[in-house]
Amino acid sequence: MDYKSSIDLLKELIALHSFSKEEKLRADFLCQYLQELGFEPKRTGNNLWCQAQEPDNSKPSLLLNSHIDTVRPSDSWTRDPFQPQIEGDRLYGLGSNDAGAALVSLILTFWRLSRKPQPYNLILGLSAEEEITGAQGIELLMSALPPIDLAVVGEPTGMQAAIAEKGLLVLDCTAQGKSGHAAHDNPDNAIYNAIEDINWYRTTILPRSSDLLGPVKMSVTQIQAGEKHNIVPDSCRFTVDIRVNEKYSNQELYDYICTQVKCAVRARSFNLGSSFIPPAHPIV
């Protein structure tokens, strides 16, 4: 592989529709491409992975990972998103940047590093459903892989290594009250009860800030209550989007929040925790 063949590969990938959950064509193509390079890719769903050499249990394992799916093109596209076009030093096409360029770069890196022994087990993992955080993507791929000690994930980061990423914790909250006619006195209005907790999310600054990621950020992003103008609602539902730094686990933060607010709180998932690697790590 060289620069020209890498550009040609990216152009071929752009021409293949690979929306999340619909990556079969691209997975088929990449499976054959890796075979032609001399590798023996394995497949689970639309995820692919292969090893550079026979694994050595005495060595750590390094994963090179990027995703093969794309979002759907928006109506604002002024070009054919599936017709790769080069203008100057830019290649246009759907997914050319996120994450086609990283995907091709890691395939090239894997090919080059595999040509001689390394002090680690080198694994290439190409995952599906990244754009929708689907269960048949990286989660399924990781269940098929041997234990991984370190991963390099290809995403558009302006050619600068990103060494930390905030986690995501989405909370569905429900404040309760007592339903009644708006003309009557009712101190137990679910909306007013919700406001107290919403204000807590708005004003609270959690004590553990990060040098890499800053403080935890909590934002109320959705709210729903009431069906008629003259009825005091007995429930008010709202959603909180929380971007978690590496100083907290999602479970720890959820447990703390439950002690601070009065509403019922349900976490959609605890899986998307923060990740980081120390700036002094050799790979950085």
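## Cysteines first

Let's start with the sulfurs: the disulfide count here is zero. Keep in mind that this is a predicted model. Take Cys 236, whose sulfur has its closest cysteine counterpart in Cys 263, and at 9.3 Å that is too far for a bond. Cys 263 isn't in a disulfide either; its nearest cysteine sulfur belongs to Cys 173, 4.2 Å away. The cut-off for a disulfide is a sulfur pair within 2.5 Å, so that distance doesn't qualify.

How exposed or buried are these two? Cys 236 has a relative accessibility of 1%, so it counts as buried. Cys 263 is buried too, at 9% relative accessible area.

## Two domains

The domain assignment splits the protein chain into domain 1, made of 3-74 plus 91-153, and domain 2, which covers 165-276. Their centres, taken over C-alpha atoms, sit 37 Å apart.

## The four-stranded sheet

Now for the sheet: its four strands run in the order E11-E13-E9-E14, it is open, and the pairing is antiparallel. At the edges are E11 (217-225) and E14, each pairing on one side only. From one strand to the next, the twist averages 20 degrees.

Going through the pairs, E11 and E13 (residues 235-244) share eight antiparallel bridges, and Ala 225 faces Cys 236 of E13 across that pairing. E13 also pairs with E9, again antiparallel, over 10 bridges; there Val 170 stands opposite Asp 241. On to E14 (residues 264-267), which is joined to E9 by four antiparallel bridges. Asp 172 lines up with Arg 266 of E14, while Cys 173 has Val 265 of E14 as its bridge partner.

## What covers it

Why is E9 (residues 167-176) largely enclosed by the rest of the structure? Because seven of its 10 residues are buried. E14 is a two-faced affair: Val 265 and Ala 267 make up its covered face, and Ala 264 and Arg 266 its uncovered one. As a general pattern, side chains in a regular strand alternate between the two faces of the sheet.

Two helices lie across the sheet strands. H5 (residues 190-203) crosses E9, E11, E13 and E14, running at about 10 degrees to E13. H6 (residues 250-260) lies across E9, E11, E13 and E14 as well, with an angle of about 20 degrees to E9.

## The nonpolar cores

Which residues have the most contacts inside the largest nonpolar core? That core has 29 residues, and the answer is Leu 30, Ile 107, Phe 110, Leu 124 and Leu 126. Helices H1 (3-14), H2 (24-36) and H3 (96-113) each supply at least two of its residues, as do strands E2 (47-51), E3 (61-67) and E6 (121-127). H3 gives the most, with seven residues.

Leu 126 is a good one to click on. Setting aside neighbours within four places in sequence, its contacts include Leu 30, Leu 34, Leu 48, Leu 103, Ile 107 and Leu 141. The list isn't purely nonpolar, though: Asn 46, Asn 47, Asn 65 and Ser 66 are among the contacts of Leu 126 too. There is also a second, separate core of 25 residues, with Ala 194, Val 240, Tyr 254 and Ile 257 among them. In soluble globular proteins, nonpolar side chains tend to be buried together.

Note on methods
Residues are numbered from 1 along each chain as its sequence is written. This is a predicted model: local features need pLDDT of at least 70, side-chain atom pairs count only at pLDDT 80 or more; totals for chains, interfaces and linings use all residues. Side-chain values use heavy atoms; hydrogens and water are left out. Domain bounds come from an automatic or database domain assignment. Buried means under 20% relative accessible area, exposed over 50%, partly exposed in between (1.4 Å probe, protein chains only). Two strands pair if DSSP finds at least two bridges between them. Axes are lines fitted to C-alpha atoms, for helices over the stretch in contact, and angles run from 0 to 180 degrees between N-to-C directions. Contact means heavy atoms within 4.5 Å. A nonpolar core is a set of buried Ala, Val, Leu, Ile, Met, Phe, Trp, Tyr and Cys residues joined through side-chain atoms within 4.5 Å.
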